[in-house]
Amino acid sequence: MSEYYDALETRSADERAADIARALPRQIANAKANAPAMAALLADVDPDAIDSVEKLAALPVLRKSELVARQKEAPPFGGFAARPATAMRHVFQSPGPIYEPGHDARDWWRMGRFLHAAGIGPGDIVQNCFSYHLVPAGMIFENGAAAVGATVLPAGVGQTELQARAAADVGVTAYAGTPDFLKIILEKADALGLDLSRLTKAVVGGGALFPSLRQEYADRGILCLQSYATADLGNIAYESRAMEGMIVDEGVIVEIVRPGTGDPVPEGEVGEVVVTTLNPDYPLIRFATGDLSAVLPGQSPCGRTNMRIKGWMGRADQTTKIKGMFVRPEQVAELVARHPEIIRARVVATRENERDVMTVRIETERRTDDFAAQLARSVNETLKLSGAVELVAPGTLPNDGKVIEDARSYD
């Protein structure tokens with residue numbers, strides 16, 4: 001079994017940039033020609049002019065709320081898919097509801113790359129414990145297993161005793177599912193005296209893989225790796241055996257932007273994950289996931305050369321109700337945009353004497369009383385609330401991607 005899924009994983013930076021320069025204009029042209037909703041968002045965009053990740057940053061960000069609204073107007077995909085529902089293999093429904101297309105073309109969701117990195121391939125039997133009901137998770141991993149030549153036991157969720165017995169009877173060698181459900185199956189197998197020693201690989205997602213749980217699996221001889229995927233985009237990034245960050249998949253372009261904006265943040269700073277997929281059937285351009293992450297410098301010790309991210313670090317949609325009014329990241333971004341002297345801003349909600357208090361902490365070199373007064377007026381205009389303004393030195397605010405912090409106690 002080759003160490004790499006294909007030659008794309010080990011491209012040089014120049015080779016990857018050259019390939020993006022060809023693929024990105026083609027995908028934008030495809031979206032404009034075949035996906036009416038994307039075409040409306042990109043009406044004034046010349047596809048040939050967008051031939052790099054840096055130029056991509058000039059395009060508008062597509063947020064999930066807009067996807068939901070458009071789907072209500074033009075079900076099921078809202079005009080964002082390049083093919084009608086009848087040309088797809090599946091239509092899925094995720095909470096929202098949001099409808100996503102699916103297809104059985106080889107590695108359509110690109111999950112095969114992750115399974116290969118975990119050492120899964122011909123000769124393996126994967127117990128797929130992701131749901132096959134309405135949501136696409138089960139089919140995403142089913143499609144990935146087919147791409148690497150593995151056999152699938154389509155177990156779905158629940159029925160722990162049946163799952164444990166099937167794993168033993170069939171000779172399952174790999175698990176796919178949420179991180180904690182594997183522990184439940186293993187403990188049930190122990191209680192029943194079943195031998196699951198052939199199960200040595202696990203690929204997980206949809207929840208946090210805590211270091212203690214990963215170590216517990218390692219103590220049983222199971223290598224457990226995680227991926228970062230969504231129903232809309234498929235696989236975005238994945239761990240290799242090096243387990244140093246998550247490697248961005250070769251079929252997507254990932255940007256990390258300041259929450260509430262489309263502006264890329266410096267390398268290492270936490271921000272919102274925005275993804276452009278190169279899947280021609282569902283050409284989502286600059287789709288905001290609502291998740292926080294950060295770019296890791298350098299490349300993985302495993303030899304894969306694409307950008308790495310830290311993985312899931314929380315949610316970017318930090319909308320918080322303060323004094324009965326919603327404060328949104330977009331409003332904080334507007335405040336920052338008004339004043340070039342602002343480096344970063346953070347709204348902090350607290351409680352004093354049973355009343356909400358809003359403090360706006362602002363990193364800036366200009367820490368004067370007149371500037372604070374000017375900012376207080378801008379805070380009132382942009383956030384529609386009055387609050388204290390605290391000017392702090394550059395580098396003071398935490399690098400956690402938050403622009404709104406709810407520090408109130410709800411105990």
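How many residue pairs are in polar contact across the interface of domain 1 and domain 2? Keep that in mind while you click around; the answer comes at the third stop. One thing before you start: this is a predicted model.

**Stop 1: the two domains.** Select residues 13–315 and give them a colour; the domain assignment calls this stretch domain 1. Now pick 320–406 and use another colour for domain 2. If you mark the C-alpha centre of each domain, you'll find 35 Å between the two marks.

**Stop 2: where they meet.** Zoom in on the place where the colours touch. Nine residues on the domain 1 side are in contact with eight from domain 2. Together the two domains bury about 690 Å² here, and carbon and sulfur atoms account for 59% of that. Next, select Pro259, Gly260 and Val270: this trio supplies 51% of the area domain 1 buries against domain 2, more than any other three residues.

**Stop 3: what links the two sides.** Back to the opening question: two residue pairs are in polar contact across this interface, both at pLDDT 80 or more. Hunting for salt bridges between the domains? The rule finds zero of them. Try colouring the domain 1 side of the interface by residue class, and you get three nonpolar, three polar and three charged residues.

**Stop 4: a hidden space.** Now leave the interface topic and look for a cavity. The structure holds one of 30 Å³ or more, and the largest cavity has about 60 Å³ of space. To see its walls, select Pro101, Trp108, Trp109, Arg110, Ala231, Asp232, Leu233, Gly234, Thr277, Asn279 and Tyr282. By class, that lining has six nonpolar, three polar and two charged residues.

Conventions: Residues are numbered from 1 along each chain as its sequence is written. This is a predicted model: local features need pLDDT of at least 70, side-chain atom pairs count only at pLDDT 80 or more; totals for chains, interfaces and linings use all residues. Side-chain values use heavy atoms; hydrogens and water are left out. Domain bounds come from an automatic or database domain assignment. Contact means heavy atoms within 4.5 Å. Buried area is the accessible area (1.4 Å probe) that two parts lose on being put together, summed over both. A salt bridge is a side-chain nitrogen of Lys or Arg within 4 Å of a carboxyl oxygen of Asp or Glu. A polar contact is a pair of N or O atoms within 3.5 Å; within protein, one must be able to donate a hydrogen and the other to accept it, and residues adjacent in sequence count only if both atoms are side-chain atoms. Ala, Val, Leu, Ile, Met, Phe, Trp, Tyr, Cys and Pro count as nonpolar, Asp, Glu, Lys and Arg as charged, and the others, Gly among them, as polar. On a 1 Å grid over the protein atoms alone, a cavity is a set of points where a 1.4 Å probe fits but cannot get out, and a pocket is an open set with protein on both sides within 12 Å along at least five of seven lines; lining residues have an atom within 4 Å of a point. Grid points are joined across faces, edges and corners, and a volume is the space filled by probe spheres set on the points.
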